[in-house]
Amino acid sequence: MKNVDSNSHVRGESIYLDDISLIEGTLYACVYDSPIAHGKLKNLDTTEAEKSAGVIKIITAKDLIGENQIGGVIPDEPLFADAEVHFQGMPIALVLAETEEQARTAAKRITAEIEPLEIVTDPRVAFAKNNLIVPPKHFKLGDAESAFSKCEYVYEGRADVNGQEHLYIETQGAYCVPTEQDGMRVFSSTQGPTAVQRCVSRVTALPMNLVEVDVTRLGGGFGGKEDQANAWAAMCAVGTQLTKRPVKYALHRMEDMRMTGKRHPYSADYRIGLSKDLKIVAYEVVFYQNAGASADLSPPVLERTLFHCTNSYFVPNVNATAYSCRTNLPPNTAFRGFGGPQGMFVIESAIAHAAEKLNVPASEIQRANLIADGDEFPYGQIAESEAATSWTQAHEKFDFARLQKEADEFNKQNKFVKKGVAIQPVCFGISFTKTPMNQARSLVHVYTDGSVAVSTGAVEMGQGVNTKIAQVASKIFSLPIERIRVHSTNTLRIANTSPTAASAAADLNGHATQIACETILQRLKEVAAPLVEASSADDVSIENGFVFRGGEPTDLDWLVLVNEAHFNRVSLSEHAHYATPGIHFDWSVAKGHPFAYHVYGTAAVGATVDCLRGIYTVDYVKTCHDFGSSMNKSVDYGQIEGGIVQGIGWMTLEEIVYDERGRLRSNALSTYKIPDIYSAPKTIDILPLQTSRENSAIFNSKAVGEPPLMYGIGAYFAIRNAVLSFNAENSPAFDAPFTPEKVLLNLYSEKVKQMKARR
Ligand code: MTE
Ligand code: LUZ
Ligand code: MOS
């Protein structure tokens, strides 16, 4: 079953925001954004811009009819800066002009007088000033403090991990069209159509029922459009409200990189305590999250860092604290893994630290501590664990010892080229950690020609959710996929949606679709029963477009049956609701059962480092991955391959650099390196985990969107191991990404020091 979008993608016929035909009279928008990272806005001069050719209007905070506020979690983010600016790239004014070129030219003619204030970019500095977005969060299991005193070995250290630019191929943008009686229709490149609807409603003061948001698909979101698509849609909507004309804004790449938030950088202090037999007895960790200038999604991201701070390991005594620190950077936001990867990087660093000191392979510590059935996560949920199963099956297939031996032998024979291997277990919880978000709806129509239309709250962003939803309808109705069409995500058809995020879109919206289709199917069976002289609807089934009675085919087909139902005034439509059962979480005690299930996996990652130049290749990623039972191998394998490459990029190449003035220096693809085909691993082997365990995923096919990204952490440690085998005197700081520059410095650091000392 191939991706339902594959033909139109390859032919260039798929419709993205920029492919929507514009209505005559459309205006183009362009933002004037703050040139400095922190200051008092004294004076804004728009006179030159107003005189600029084609300019229709310039909008600032004071023009808004609704609230100048777009903060979703906490109301701390104005749409347009008014009294102060908080980051470089913060929108101050919006130019509307007859052409895109004219809007951009005019925006360059705006000037602002800004009285500089102190700029903070480091989360630890923000913490020292007590500049926190929310009060600190804690997870506690057992009694870490007294457990440390009984540990044979205790190590402490620091780990830092940088952010990541989403680099969706399609930049942020929106197109707003006025509809009658003050309404508007907003086309937005968003993962959260309802979030856009709410935000537009807030800044325009229009009720939500006058705001229609429509999303056909995104050219990638990766979390960057879970919340941060709102601003651009809100600006277009405000423009439409004030001019009564359609308004379009699609950001240029550099605007997008400069004005939008990224994955959160974190700095962390850890302390790990082990027993003589390498059991991790106690783990203490303090996370400093670099939230940027406003909350955005930082609080729930911070929470997920805590949820995943022990990765796939069982640690009986945990004391974890997390601070969300306010800095003068663009507000950081959701990014594939949502804080989880940062939490995992720190415990992997702690384990690597202990392994180095104890002179054992890190994999020995990892293997000895995998979480087992019945073990408790620090947040109270009891594990149904595939951690050891995935490890064992990966080891049986890929032979970790052989991989290590190959690297060791290679390293003995090569002086200036070294290989490193790392094992990377992954455990990721599936469900929004905020329980109320775990709900979805699906609207299914069967038409009288027998074709089926499905609408859900899920947004297609390349991850294949529409294919999976079509598969659900196709399977329940037993119709070929060609008879099913999954339509755009639209707030008039499906209301109050959760964003497509947390890897849960197929589960939530697929289940809702399953319920809707089953309801219609049951009605059809009831119509069919007397027609095929069956004793009851239970005796009827529908297979491949024909009605069966007692398992035997009849000559009543789908088309005739559908029309019989309609003729008998039986509804052929259903709007169904699904809410994930059995999940709950109580923050007052920081315990509960937040996840429907976990996804597990174990990967071996191999890398080769050129020790003269500091450059490296990732040779392989070999993983045994837990799909449950994949409902679409080509979609799921694609998600794994993409996630791995994106994770490797985060851990190795991609380096976001802000200078001390809070200015983004890596603001283009010439200075921000993302993985290309040459930096992708030479091979990716994917072995589906064999398990007979049931799970609550749609058709037992576990969520796959985010977990594979975290195999990328293994690339960091594989490179680190190669560096160590070249230069054993140096212990590289845990400071991701491990760029070629950092690798080179670490290859020679101690040697350089020794040379200097001898001189
Ligand atoms: N795959 C593609 N091609 N493009 C994307 O933007 N986003 C990822 C993942 N895979 C993304 C992707 C993220 S961050 C999430 S949460 C999931 O897809 C969301 O989709 P799902 O819930 O259907 O897995
Ligand atoms: N978004 C969110 C997410 O709002 N809550 C989550 O728990 C989450 N998890 C992963 C990715 N996005
Ligand atoms: Mo994904 S970070 O949940 O959009």
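This note covers the domain 1 and domain 3 interface and the setting of Asn-328 in a predicted model.

1. Domain layout. The domain assignment splits the protein into domain 1 (26-117 + 172-250), domain 2 (266-432 + 589-752) and domain 3 (439-579). Domain 1 and domain 3 have C-alpha centres 39 Å apart.

2. Extent of the interface. On the domain 1 side, 19 residues are in contact with 16 residues of domain 3. The size of an interface is often given as the accessible area lost when the parts come together. Here domain 1 and domain 3 bury about 1,300 Å² between them. Carbon and sulfur atoms account for 50% of that area.

3. Polar links. Between domain 1 and domain 3, 8 residue pairs are in polar contact, both residues at pLDDT 80 or more. The rule finds 1 salt bridge across this interface. Asp-214 and Arg-493 pair through their side chains in a salt bridge, at 3.7 Å from N to O.

4. The domain 1 face. Two or more residues each come from α6 (193-204) and β11 (211-215) on the side that touches domain 3. The largest share, 5 residues, is from β11. By type, this side of domain 1 has 7 nonpolar, 8 polar and 4 charged residues.

5. Asn-328. This residue sits in the loop between β15 (317-326) and α10 (340-358). Asn-328 counts as buried because its relative accessibility is 8%, and the cut-off is under 20%. Its side chain comes within 3.1 Å of the backbone oxygen of His-86. Beyond four places in sequence, Asn-328 is in contact with residues including Ala-37, His-38, Phe-87 and Glu-118.

Key:
Residues numbered from 1 in each chain as written. Chains lettered and ligands numbered in written order. Predicted model: local features only at pLDDT ≥ 70, side-chain atom pairs only at ≥ 80, totals over all residues. Heavy atoms only, no water. Helix = DSSP H or I, 4+ residues; strand = E, 2+ residues; numbered from the N terminus. Buried < 20%, exposed > 50% of the residue type's maximum accessible area, 1.4 Å probe, protein only. Polar contact = N/O pair within 3.5 Å; in protein donor to acceptor, adjacent residues only side chain to side chain. Contact = heavy atoms within 4.5 Å. Domains from an automatic or database assignment. Buried area = accessible area lost by both parts, 1.4 Å probe. Salt bridge = Lys/Arg side-chain N within 4 Å of Asp/Glu carboxyl O. Nonpolar A, V, L, I, M, F, W, Y, C, P; charged D, E, K, R; others polar.
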